[in-house]
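Hi there,

Here is the structure I promised to pass on to you. Have a look at it first, and then read my notes below.

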Amino acid sequence: MATKVIMPQLGESVVEGTVTHWFKKEGEPIAEFESLLEVNTDKVDSEIPSPAEGVLLKILAAEGETVKAGTIIAWIGKPGESLGEDAGGGSVHAVGETALAAEATVPPARSVTAGRDRDLGFISPVVAKLAAEYNLDLTRIQGSGQGGRITKKDVLAYLQGGAKDEPAQQPAIWETPGEGDLFRPTELMFPGGAPPSTPPAAPSQPQPAPPASGSRVVAHSAMRKRIAEHMLLSKRTAPHVTTIMEADLKRVVAHREASKPAFARDGVNLTYTAYFAASAVAALKAFPQVNSSWSDEGLILHGDIHLGIAVSLGEEGLIVPVIRHADGLSLLGLARAINDLAQRARAHRLQPDEVKGGTFSITNHGISGSLFATPIINQPQCGILGVGAVQKRAVVVEGDAIAVRPMVYLSLTFDHRILDGASADGFLAKIAHVLETWSG
């Protein structure tokens, strides 16, 4: 009897995966526990072993395809074995569940919130708002986005098709000019009349010119597609504002030079990133509003500080592993965690759950020589700290004297729905103060 190959759930919060590579082709033999395919989940690649010995009879998920966890993606069996009607794939259910589901009536609409939904995948704020206003059951809408994601266009097409549920309450005069835009009163956009029955089409994506002679097209990797999707989502979701300050690292440099030998004896490389992480933790404790996420119901203040540290993978892209409960770690503990996550990230040995659940992020772009930058927020977080290169510069110090000091530019990009300029500046000033008065 043929054996199903199931898309595994590679983490507690991982609901789907993208097939990046099949190590075997249809018809090729494979041993039990031999690597069968590679799956990418949120920029983490994992090799999936074969659940049985035999021949790869049929592949149901092509390379580059994103499927939900629990979906049949291939079959393994004896050479020439017939699969019959089972070859079509689909999700795996408990015995009898499929038949019961076919006979069941359409389930009542359930409330959804923006963000990652266990059953529906990612739900944008616009889609969540439309679903609430029109009392929609999103499970009845076929998504056309990447990996089956439900987009605003899908919801509007569903409504225009007359297949909407009766709204519990007629929605107010709001319209959605574009996914990620602020909701605006219809009367301001259509004075003296109602909006047109057919919503305006979204502007088409400008297409690049055909490659010139000598040019070539390099296919996007799964990681690059994930990065592009996440960055676009962030810019459309939150109004980004960046504030920049500088800090004198004289005390930090002295402490690091004095402490490096002791840290090395513990097998830890003490980098500046550990100091920036420690100062960010102190500032997040002083300004808990920064350690939050936006929701339509209210501000979600996170009880724990889970610090994301951006790690460059060179031309492959960028990944942000998370230091969990960073507020409970010393400088040594932070440095050890940063070393471990960075090394395993570059060796592609992170687990999918290790890049999820961050509440605030840091990107040390100064490693490449950049002085300052305006990073994009890692949704659904409130902000991200950018750290520039540490440079010796002539500065005016106490008594109007001029001295050469190791200086660094710090930038905070924040969600203006959550923070205003004063609170954001207070948070960044706290980070600078901790660094400038470092005592160990």
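Below is what I found, beginning with how far the model can be trusted.

Please keep in mind that this is a predicted model. The average pLDDT of the chain is 81, and 78% of the residues reach at least 70. Over residues 91-108, though, the pLDDT is below 50, and this stretch has 11 contacts in the model beyond its near neighbours in sequence. Residues 163-200 also stay under 50 in pLDDT, and here the model has 58 contacts beyond four places in sequence.

Now to Lys392, which sits in strand β23, a strand that covers residues 391-397. Is Lys392 buried or exposed? Its relative accessibility is 72%, so Lys392 counts as exposed, the cut-off for that being over 50%. Which residues does it touch, if we leave aside neighbours within four places in sequence? Lys392 is in contact with Val404, Arg405 and Pro406. A little further along the chain, Val408 is 16 residues from Lys392 in sequence, and their C-alpha atoms are 8.7 Å apart in space.

The other spot to look at is a nonpolar patch on the surface. Ile244, Leu371 and Phe372 make up this patch, which has an area of about 250 Å². Phe372 belongs to the loop that runs between β21 (360-363) and β22 (383-387). With a relative accessible area of 47%, Phe372 is partly exposed, because exposed would require over 50% and buried under 20%.

Happy to talk it through whenever suits you.

Best wishes

How values were computed
Residues numbered from 1 in each chain as written. Predicted model: local features only at pLDDT ≥ 70, side-chain atom pairs only at ≥ 80, totals over all residues. Heavy atoms only, no water. Helix = DSSP H or I, 4+ residues; strand = E, 2+ residues; numbered from the N terminus. Buried < 20%, exposed > 50% of the residue type's maximum accessible area, 1.4 Å probe, protein only. Contact = heavy atoms within 4.5 Å. Patch = residues over 30% accessible without salt bridge, like charges linked within 9 Å, V, L, I, M, F, W, Y side chains within 5 Å. Areas by Shrake-Rupley, 256 points an atom, 1.4 Å probe, with all protein chains shown as cover. Salt bridge = Lys/Arg side-chain N within 4 Å of Asp/Glu carboxyl O. pLDDT = per-residue confidence, 0-100.
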